[in-house]
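Visitor: I am new to this structure. Could you show me how to read a few of its features?

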Amino acid sequence: MRALVIDDSRAMRRIVTGILEGLGYETQQAGHGREGLDVLEGGWVPELVCVDWNMPVMDGLQFVSAVRSNPAWRAMTIMMVTSESEHTQIVRALAAGAHEYVIKPFTADAIRDKLALLGLLPQEAVL
Amino acid sequence: MKILIADDSRVMRQIVIRTLRQAGFDDHEIVEAEDGADALAKVGSEKPDLVLSDWNMPNMTGIECLQALRSSGSSVPFGFVTSEGSPEMREKAANAGALFLIAKPFNEDTFQEALSGVIA
Amino acid sequence: MTTIDTGERRRGAESRPVITELIDGATIESIAQDAWIALVGEEEVLVPLPGEPVTDPVSSWVDVVGPWTGSVVLTTGRRTAEELTRALLQEHSPEVLEDEDVADAFGEIANVVGGNVKAALPGSSGLSLPDVGEAPAPRNPDDVCRVDLLWRGETVSISVQGALPALPAH
């Protein structure tokens with residue numbers, strides 16, 4: 001399975017990418033929503049996108065809305081990665097079309113559990 | 001005695017003022033603040049004898065206001081009037097130095113009970 | 001700060017609660033009745049009967065984020081929302097109500113109902129500030145607990161609805 005990790009923090013991208021690769025994902029990274037759309041428009045359409053909320057150029061909410069307006073990307077699952085201070089805005093992100101969210105700081109287990117619920121654990125991680 | 005009422009809802013401020021009156025606390029001077037930051041400023045400028053504050057407000061929440069007051073050395077009596085009366089919130093309020101937490105919805109009896117020891 | 005113990009998270013790994021497992025219509029109705037008596041007036045009764053469909057609807061809601069994530073949405077007709085506002089403002093009610101007054105009063109009712117719904121849910125959750133306008137659409141029909149009530153003969157509905165889509169069947 002493939003996952004796109006969008007976050008303006010390089011450290012956060014590394015953490016999320018590391019967790020997903022540990023679960024058997026093939027990953028790509030983008031520094032903000034617009035870069036994320038560039039990856040998708042380039043034809044690399046993953047099963048999962050993990051997207052930060054607060055980013056320059058294009059934030060997570062705008063990214064979710066843009067993705068949901070393209071039917072070709074309907075099968076993609078979007079997980080918002082958000083911080084405690086933004087957490088009461090989560091429902092807006094979900095209403096725009098995100099499927100799940102995790103609140104920073106999170107553990108690898110927290111991500112794994114959410115992906116298990118969504119049926120998005122690569123085979124080797126299920127076993 | 002001067003009472004500062006902080007709530008981002010004007011309607012709720014009026015309901016609090018009305019309930020104070022119904023509870024028999026009717027000859028006090030009332031000052032209103034529309035969020036935590038406003039309340040913090042008005043504690044400084046108005047020198048109230050009691051603050052009744054909402055919890056969830058834009059700009060600065062009630063608990064942030066209370067924490068800012070206490071860390072700046074103010075010991076003004078402070079109570080919450082909030083829609084969130086869970087044991088967890090009550091504990092947070094008490095730990096930050098609040099005298100009481102009145103959960104919405106409330107009535108004049110709730111106010112009497114919480115305020116009788118605080119307001120002369 | 002929210003710390004969730006491993007046991008709770010592990011249970012969370014197997015399933016995600018829907019609202020009907022956490023709260024029932026009778027509890028929501030009783031929360032609403034308490035809010036009405038305290039805010040709208042002591043004689044103000046909510047009757048648990050479905051009424052006429054609402055024309056020109058307006059909603060107010062707060063979001064709850066925690067072990068269960070969603071919104072507590074009140075919906076009624078605009079005229080009923082104005083009547084509620086006048087009841088809340090009592091002698092402070094202006095001759096001409098501004099939209100802002102209605103948003104404030106109707107939002108505050110959602111805040112009080114939502115805050116008490118939140119308190120009835122397990123675990124620790126966050127609560128948003130109230131919003132007023134067109135209600136968010138429910139994401140998952142199984143994750144909705146809705147009560148229809150009558151206030152002064154007008155329909156007021158309260159929908160406690162999840163923000164997460166249904167899980168894929170697997």
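Visitor: Which residues does Asp54(B) touch, not counting residues up to four places away in sequence?

Guide: This is a predicted model. In it, Asp54(B) touches Ala6(B), Asp7(B) and Asp8(B). Its other partners are Gly62(B), Phe80(B), Val81(B), Thr82(B) and Lys104(B).

Visitor: Is Asp54(B) buried or exposed?

Guide: Buried means under 20% relative accessible area. Asp54(B) has 3%, so it counts as buried.

Visitor: Where in chain B does Asp54(B) lie?

Guide: Look at the loop between β3 (50-53) and α3 (62-71) of chain B. Asp54(B) sits there. An unreviewed UniProt entry also places a feature at Asp54(B): "modified residue: 4-aspartylphosphate".

Visitor: Now the interface of chain C and chain A. How much area do the two chains bury between them?

Guide: The size of an interface is often given as the accessible area lost when the parts come together. Here chain C and chain A bury about 1,800 Å². Carbon and sulfur atoms hold 60% of that. Chain C gives 25 residues to the contact, and chain A gives 20.

Visitor: How many salt bridges cross the interface of chain C and chain A?

Guide: The rule finds 1. Arg16(C) pairs with Glu100(A), and their closest N and O atoms are 2.7 Å apart. There are also 5 residue pairs in polar contact across this interface.

Visitor: Which elements give two or more residues to the side of chain C that touches chain A?

Guide: They are α1 (6-14), β2 (57-65), β3 (70-77) and β4 (126-127) of chain C. The largest share, 5 residues, comes from α1(C). By type, this side of chain C has 9 nonpolar, 10 polar and 6 charged residues.

Definitions and conventions:
Residues numbered from 1 in each chain as written. Chains lettered and ligands numbered in written order. Predicted model: local features only at pLDDT ≥ 70, side-chain atom pairs only at ≥ 80, totals over all residues. Heavy atoms only, no water. Contact = heavy atoms within 4.5 Å. Buried area = accessible area lost by both parts, 1.4 Å probe. Salt bridge = Lys/Arg side-chain N within 4 Å of Asp/Glu carboxyl O. Polar contact = N/O pair within 3.5 Å; in protein donor to acceptor, adjacent residues only side chain to side chain. Helix = DSSP H or I, 4+ residues; strand = E, 2+ residues; numbered from the N terminus. Nonpolar A, V, L, I, M, F, W, Y, C, P; charged D, E, K, R; others polar. UniProt positions renumbered as here; feature names shortened; annotations may be inferred. Buried < 20%, exposed > 50% of the residue type's maximum accessible area, 1.4 Å probe, protein only.
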